[in-house]
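Please open the structure in your viewer and keep the selection tool at hand. The stops below are meant to be followed in order, each one beginning with something to select.

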Amino acid sequence: MQRPSRSSPGAWGEEMRQLAPVLAIILGGMILAAGCSGPGTGAAAGGPSWSVSGDGYLSLSCPAPATVNERVLEQNASVTLSEISFHNIDEEVYGLLAVPPAPRGAVVLAPGAGITKELEKGRVGTYTMTGCAALVLDLRGNGGETQGRGFNPDRDYLAFNGGVWPEFYKTACDLVAAQGLVSARLKVPVYAMGASNGGRYAAIAAAADPGFAGYIGVSTSGFGLAGNEYTGNASRFLLSIDPDHVIGRISPRPVWIFHSRRDTIIPFEQGEELFSRALEPKEFIVFNGTHGENGEVDARVEEICTAA
């Protein structure tokens, strides 16, 4: 397969780049309108659950799916490519799973805004050529088969206050459940990987679930610790979804951050800030491109994935 070109930033790219100041405006009014109730799990005993500590760290319990629907799309000497789906929380979650004959590692990939699993088919197929398995998900509300809503901060904050699942947490939980699926099946290290807005979900998932072997973020950033400007539930919620706040909890597992100086969607400096908040071991990789993965990024990801 040919190595694919970079992912398009998608329809939400500019919106997500502006999200940190928008959150401040929205929550400023909501703090007056909403009570500060404690968070809850929003799940039956034994099922997926979440909690947030007093200092804004999200914990997730998202078991690997008991049942996985799978349809093989392509099978040859170098790859088995399957469309899979599994039920998590309240939706059927869809993905493409590419597995080489003898995988040495794997990534669970959260694509950028507006990028579906089909648009990443060439990428995950290419990864298998070096021994890296890959599962790319259709994220909730991102234009693919997985239903649900994209991240909406005011609606998610109301859900948080009510002790039910914010949509942001659901998406992170989907990634954690996918990690469990891949780990159980392949018995190899599994890395959380995400591009652009998908990199934010992947960072939260990796910080919340020690089952991930590490984190790979491409053209992504945090929200500048906006939660520190507030108190109570507003602060806890904002910090719980902010990669800048949680990325240090991934250590001692490794972190790799890729960013281009020519990124017009998420400024290079925001990628540097996210990296500065990660703990060792970590590596910042400046690549030649604009926004999202390209061949240069993919080659390095393949090295990371198969190093173990």
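Begin with strand 3 (residues 69-75) and strand 4, which pair in the antiparallel sense over six bridges; two strands count as paired if DSSP finds at least two bridges between them, and strands (E, at least two residues) and helices (H or I, at least four) are DSSP runs numbered from the N terminus. This is a predicted model, in which local features need pLDDT of at least 70 and side-chain atom pairs count only at pLDDT 80 or more, while totals for chains, interfaces and linings use all residues. Residues are numbered from 1 along each chain as its sequence is written, and side-chain values use heavy atoms, with hydrogens and water left out.

**Strands 3, 4 and 5**

Select V72 and then S82 in strand 4, since V72 stands opposite this residue. Strands 3 and 4 form a hairpin, and four residues lie between them. On to strand 5 (residues 91-99), which pairs with strand 4 in the antiparallel sense over nine bridges; here T80 stands opposite V99. The hairpin of strands 4 and 5 has two residues between the strands, and I89 takes a positive phi near 65° there. Is strand 4 largely enclosed by the rest of the structure or not, and why? Seven of the nine residues of strand 4 (residues 80-88) are buried, so the strand is largely enclosed by the rest of the structure; buried means under 20% relative accessible area, exposed over 50%, and partly exposed in between, with a 1.4 Å probe and protein chains only.

**Strand 6 and its partners**

Now select strand 6 (residues 105-110), where six of six residues are buried, so that the strand is mostly covered. In a regular strand the side chains alternate between the two faces of the sheet. Colour G105, V107 and L109, which point one way from strand 6, and then A106, V108 and A110, which point the other way; all of them are buried.

Add strand 7, which pairs with strand 6 in the parallel sense over five bridges, with L135 as the bridge partner of V108. Following the chain from strand 6, you pass through helix 3 (residues 121-127) to reach strand 7, and this β-α-β crossover is right-handed, a term that applies if, with the strands pointing away from the viewer, the path from the first strand over the helix to the second runs clockwise. Then add strand 8 (residues 190-195), which runs parallel to strand 6 and is joined to that strand by five bridges; A110 stands opposite G194 in strand 8.

**The nonpolar cores**

Next, select L60, Y169, L175 and Y215, the residues with the most contacts inside the largest nonpolar core, which has 60 residues. A nonpolar core is a set of buried Ala, Val, Leu, Ile, Met, Phe, Trp, Tyr and Cys residues joined through side-chain atoms within 4.5 Å. The largest share of this core, 11 residues, comes from helix 5 (residues 167-186). Apart from this core lies another, of 24 residues, among them V79, L96, V297 and I304.

Centre the view on L175, whose contacts (heavy atoms within 4.5 Å), not counting residues up to four places away in sequence, include V108, A110, L137 and F212.

**The disulfides**

How many disulfides does the structure hold? There are two, a disulfide being a pair of cysteine sulfur atoms within 2.5 Å.

Select C62 and C173, whose sulfur atoms are 2.1 Å apart. The torsion about their S-S bond is about -130°, so this disulfide is left-handed. C62 lies in the loop between strand 2 (58-61) and strand 3, and C173 lies in helix 5, so the pair ties together parts that are 111 residues apart in sequence. Both C62 and C173 are buried.

Then select C132 and C305, again with sulfur atoms 2.1 Å apart. Here the torsion about the S-S bond is about 90°, so the disulfide of C132 and C305 is right-handed. This pair links distant parts of the chain, with C132 in strand 7 (residues 132-137) and C305 in helix 10 (residues 295-306), 173 residues apart.

**A last stop at T220**

Finish at T220, in the loop between strand 9 (215-218) and helix 7 (232-240). At 0% relative accessibility, T220 counts as buried. Show S196 as well, because its backbone oxygen lies 2.7 Å from a polar atom of the side chain of T220.

Note on methods. Polar contact = N/O pair within 3.5 Å; in protein donor to acceptor, adjacent residues only side chain to side chain.
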